[in-house]
Amino acid sequence: MSSSSTPPSTPAVAASDAAVSVGSAGLPAARPRAAARPAKFPDGPAPDPAGSREEHRIRTFHARRGRVTDAQAGALERHWAEWGVELDGSPLDLAGLFGDPALPVVLEIGFGMGDATARMAADDRATGILAVDVHTPGQGNLLNLADQYGLTNVRVANGDAIVLLRDMLPPASLAGLRIYFPDPWPKAKHHKRRMIQPAFLALVAPLLRPGATLHCATDWEPYAEQMLEVLSASPDFINQYGAGYAPRPDFRPMTKFERQGLAKDHIVHDLLFTRR
Ligand SMILES: C[S@@+](CC[C@H](N)C(=O)[O-])C[C@H]1O[C@@H](n2cnc3c(N)ncnc32)[C@H](O)[C@@H]1O
């Protein structure tokens, strides 16, 4: 299901097209609307759904081109109109999107190839998963997995998660937020691109219901330390594990980036916080 009636298009390049704009106070700035680019693939995700190409912005993700396989393209073609959501900045009706006003909805930002997303959605079909990424091959892969697993509780959103958080969701609409292995941006000059920082928490906190869980995981130790520091300092969240990291929860399946980190002997940290 798209937030607009005609779903625009799909290239292998969507990752380069969305980003975060940060204003002088460190919060995302107002976004001027620009005309959307013409569609390359009329039945799939759009290259710049929010029309924000001209916006001055800081990206939290790498601009990476990925080849869309035939299987992924087929899944996009079959399922995008029904399960796809364009992050175009217009208000999103989650009850309408999932067809069930009572369904709690958890947002996952940066699902990558979506293997863990699909597994978790299959393990808990009483929760709606709104999964966001800019990576077209991953969007196709997740749609394929949702189809294979017979899932009705997954929606795949295309675009910059910051647009969703900033412009599209009503207060207290989310029952949880998952951010697994966000881009670590290891160089000091790129730290401003890291997602977990105070301005981001200020943006998400009002959208999370009291009692909602914010679950982060990373294999990049300095980023884990930053996450723990920033989350612990936030008045809106409380650590479910005292002052430290959470033990690895059984319910979180291994992700592709986690596997890559472990192969490099990185230590993985989970952080589980509750919205006050
Ligand atoms: C390092 S990958 C991790 C993927 C997956 N969670 C895993 O563990 O395999 C980070 C993902 O977050 C996505 N991402 C980063 N910033 C984003 C944003 N602002 N909006 C949407 N997706 C974003 C990237 O496109 C990328 O697919």
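## A tour from the ligand outward

Start at the ligand: the residues of the shell around it divide into 12 nonpolar, 6 polar and 5 charged. The model on your screen is a predicted one.

**Stop 1: the ligand.** Select the ligand and its surroundings. You should find 23 residues around it. The closest are Phe61, Gly110, Gly112, Phe181 and Thr255. Now colour the elements that give two or more residues to this shell: β3 (128-133), α5 (161-168) and α8 (256-263). Which element gives the largest share? Helix α8 does, with 3 residues.

**Stop 2: the sheet.** Hide the ligand and show the strands. They form an open sheet of 8 strands with mixed pairing. Walk across in this order: β1, β4, β3, β2, β5, β6, β8, β7. The edge strands are β1 (84-86) and β7 (237-239), and each pairs on one side only. Look along the sheet for the twist, which averages 25° from one strand to the next. A word on what holds such strands: those of a sheet pair through backbone hydrogen bonds, either parallel or antiparallel.

**Stop 3: β5 and β6.** Select residues 174-180 for β5 and 208-218 for β6. This pair is parallel, with 6 bridges. Find Tyr180; opposite this residue stands Ala217 in β6. Then add helix α7, residues 221-233. Helix α7 packs on the sheet and touches β6, β7 and β8 (269-275). The direction of α7 makes about 15° with that of β8.

**Stop 4: β8 and its partners.** Keep β6 and β8 in view. They pair in the antiparallel sense, over 6 bridges. Leu214 stands opposite Phe273 in β8. Next, bring in β7, which runs antiparallel to β8 and is joined to β8 by 3 bridges. Here Phe237 is opposite Arg275 in β8. Now show the side chains of β8. Which residues make up the covered face? They are His269, Leu271, Phe273 and Arg275. The uncovered face holds Asp270, Leu272 and Thr274.

**Stop 5: the nonpolar core.** In soluble globular proteins, nonpolar side chains tend to be buried together. In this model the largest nonpolar core has 64 residues. Select those with the most contacts inside the core: Ala131, Val132, Leu142, Val154, Leu164 and Leu174. Helix α5 supplies the largest share of the core, 6 residues. Zoom in on Leu174. Leaving out residues up to four places away in sequence, Leu174 touches Val105, Val106, Leu107, Leu169, Leu207, Leu208, Arg209 and Ala212.

**Stop 6: two loop residues.** Most residues other than glycine have a negative phi. Two exceptions follow.

Select Trp185, in the loop between β5 and α6 (198-204). Its phi is near 40°, a positive value in a residue other than glycine. Why does Trp185 count as partly exposed? Because 19 other C-beta atoms lie within 10 Å, and a residue needs 20 or more to be buried.

Finish at Asp265, in the loop between α8 and β8. Phi of Asp265 is near 65°, again positive in a residue other than glycine. Is Asp265 buried or exposed? Asp265 counts as exposed, because Asp265 has 7 C-beta neighbours inside 10 Å and the limit for exposed is 12 or fewer.

Conventions: Residues are numbered from 1 along each chain as its sequence is written. This is a predicted model: local features need pLDDT of at least 70, side-chain atom pairs count only at pLDDT 80 or more; totals for chains, interfaces and linings use all residues. Two strands pair if DSSP finds at least two bridges between them. Helices (H or I, at least four residues) and strands (E, at least two) are DSSP runs, numbered from the N terminus. Axes are lines fitted to C-alpha atoms, for helices over the stretch in contact, and angles run from 0 to 180 degrees between N-to-C directions. Two residues are in contact if their C-beta atoms, placed from the backbone, lie within 7 Å. A residue is near a molecule or strand if its C-beta atom, placed from the backbone, lies within 6 Å of it. Ala, Val, Leu, Ile, Met, Phe, Trp, Tyr, Cys and Pro count as nonpolar, Asp, Glu, Lys and Arg as charged, and the others, Gly among them, as polar. A nonpolar core is a set of buried Ala, Val, Leu, Ile, Met, Phe, Trp, Tyr and Cys residues joined through C-beta atoms within 7 Å.
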